[in-house]
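Student: I would like a close look at a single part of this structure, taken slowly and with each term explained. Could you walk me through it in one connected answer?

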Amino acid sequence: MKYVVRRNLIPFLLSFFIGAHFLILFGCGVAGPTPLNVTNQLTTNTTPTPAEDQRNGFRPDGGFEISPYSPKSLREFVWLSVITGTGVGEATVCAPEPCAAPPIEHPDKWIPYPPKGMLVTRDNIYEWKTTDLSIDHFSFATELRKKIKYQFTGHFSVGGYYEKTKPDEIVLTGQLTKLVNGRSVAHEDVSFTWFGWDEVDSSTFRRLKPARRSR
């Protein structure tokens with residue numbers, strides 16, 4: 001009797017192990033990620049972060065001025081700055097005065113951090129911070145001062161290290177909004193040109209007159 005049971009058990013065990021082997025090879029694919037799922041995972045969140053943009057050669061640090069001039073509804077606007085990092089060994093708290101960039105020959109000495117800057121008007125200086133800065137998309141909202149704040153959303157049209165390339169064309173376009181008591185009172189399509197820190201009066205945070213530029 002024992003011999004018969006053992007003889008019948010052998011085919012059963014063989015069938016069990018063969019079935020388990022096929023389940024491991026093919027069955028787990030049902031629950032696991034399919035090749036399509038893997039592809040989707042690899043292509044998710046492909047928008048470059050500020051740090052990735054800088055590694056790819058994009059660093060727009062500097063000042064930005066509306067071109068050719070500020071619209072009437074935003075006539076108080078003077079310029080805005082963008083700061084995306086600092087040099088090794090330099091102070092990391094640079095606002096409101098922008099950080100000095102390290103020599104362009106040593107980009108590895110640049111330490112990126114979450115972008116920040118200033119929006120300068122005739123009456124005030126508004127600080128802003130953002131994590132949304134890449135060539136394709138840039139947006140921020142300033143702090144609230146005297147019930148007033150500004151918002152911007154747009155994109156850059158020129159790449160590179162601006163302090164090195166010193167672009168003289170339109171480099172940034174988008175929509176600038178002024179809010180008073182949380183209500184939009186001005187919303188304009190604007191375009192910006194870039195200028196370097198050497199064109200800013202460090203005592204007044206005003207841009208130097210074109211005739212005094214040292215470029």
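Tutor: What follows looks closely at glutamate 76 and then at the charged and aromatic pairs of the structure.

A word on the source comes before the details. The model is predicted, and local features need pLDDT of at least 70, side-chain atom pairs count only at pLDDT 80 or more, and totals for chains, interfaces and linings use all residues. Residues are numbered from 1 along each chain as its sequence is written, and side-chain values use heavy atoms, with hydrogens and water left out.

Glutamate 76 sits in the loop between β1 (62–66) and β2 (77–87), where strands (E, at least two residues) are DSSP runs numbered from the N terminus. With a relative accessible area of 11%, glutamate 76 is buried, a word that here means under 20% relative accessible area, while exposed means over 50% and partly exposed lies in between, using a 1.4 Å probe and protein chains only.

What surrounds this side chain? Leaving aside neighbours within four places in sequence, glutamate 76 is in contact with Val120, Thr121, Arg122, Tyr150 and Lys178, contact meaning heavy atoms within 4.5 Å. With tyrosine 150, the side chain of glutamate 76 makes a polar contact of 2.6 Å; a polar contact is a pair of N or O atoms within 3.5 Å, and within protein one must be able to donate a hydrogen and the other to accept it, while residues adjacent in sequence count only if both atoms are side-chain atoms.

With lysine 178, glutamate 76 forms a salt bridge whose closest N and O atoms are 3.4 Å apart. Glutamate 76 lies in the loop between β1 and β2 and lysine 178 in strand β7 (residues 170–180), so this pair ties together parts that are 102 residues apart in sequence. A salt bridge is a side-chain nitrogen of Lys or Arg within 4 Å of a carboxyl oxygen of Asp or Glu, and in general, side chains of opposite charge can pair when their charged atoms come close. Lysine 178 also counts as buried, at 15% relative accessibility.

The structure holds three salt bridges. In one of them, arginine 145 and glutamate 143 meet at 3.0 Å, N to O; here arginine 145 is partly exposed at 32%, and glutamate 143 is partly exposed at 27%. Another joins lysine 166 to glutamate 163, with the closest N and O atoms 3.9 Å apart, and lysine 166 is partly exposed at 30%, as is glutamate 163 at 26%.

Returning to the strand that precedes the loop, β1 is mostly covered, with four of its five residues buried. β1 pairs with strand β8 (residues 183–195) in the antiparallel sense over four bridges, and two strands pair if DSSP finds at least two bridges between them. Isoleucine 66 stands opposite phenylalanine 192 in β8.

Phenylalanine 192 belongs to a cluster linked by ring pairs, which also includes Phe64, Phe77, Trp128 and Phe140. There are 16 aromatic pairs in the structure, where rings of Phe, Tyr and Trp (its six-membered ring) pair if their centres lie within 6.5 Å, and planes under 30 degrees apart count as stacked, over 60 as edge-to-face and the rest as tilted. The rings of tryptophan 128 and phenylalanine 140 have centres 4.5 Å apart and planes at 20°, so this pair is stacked. Tryptophan 128 is buried at 2%, and phenylalanine 140 counts as buried at 5%.
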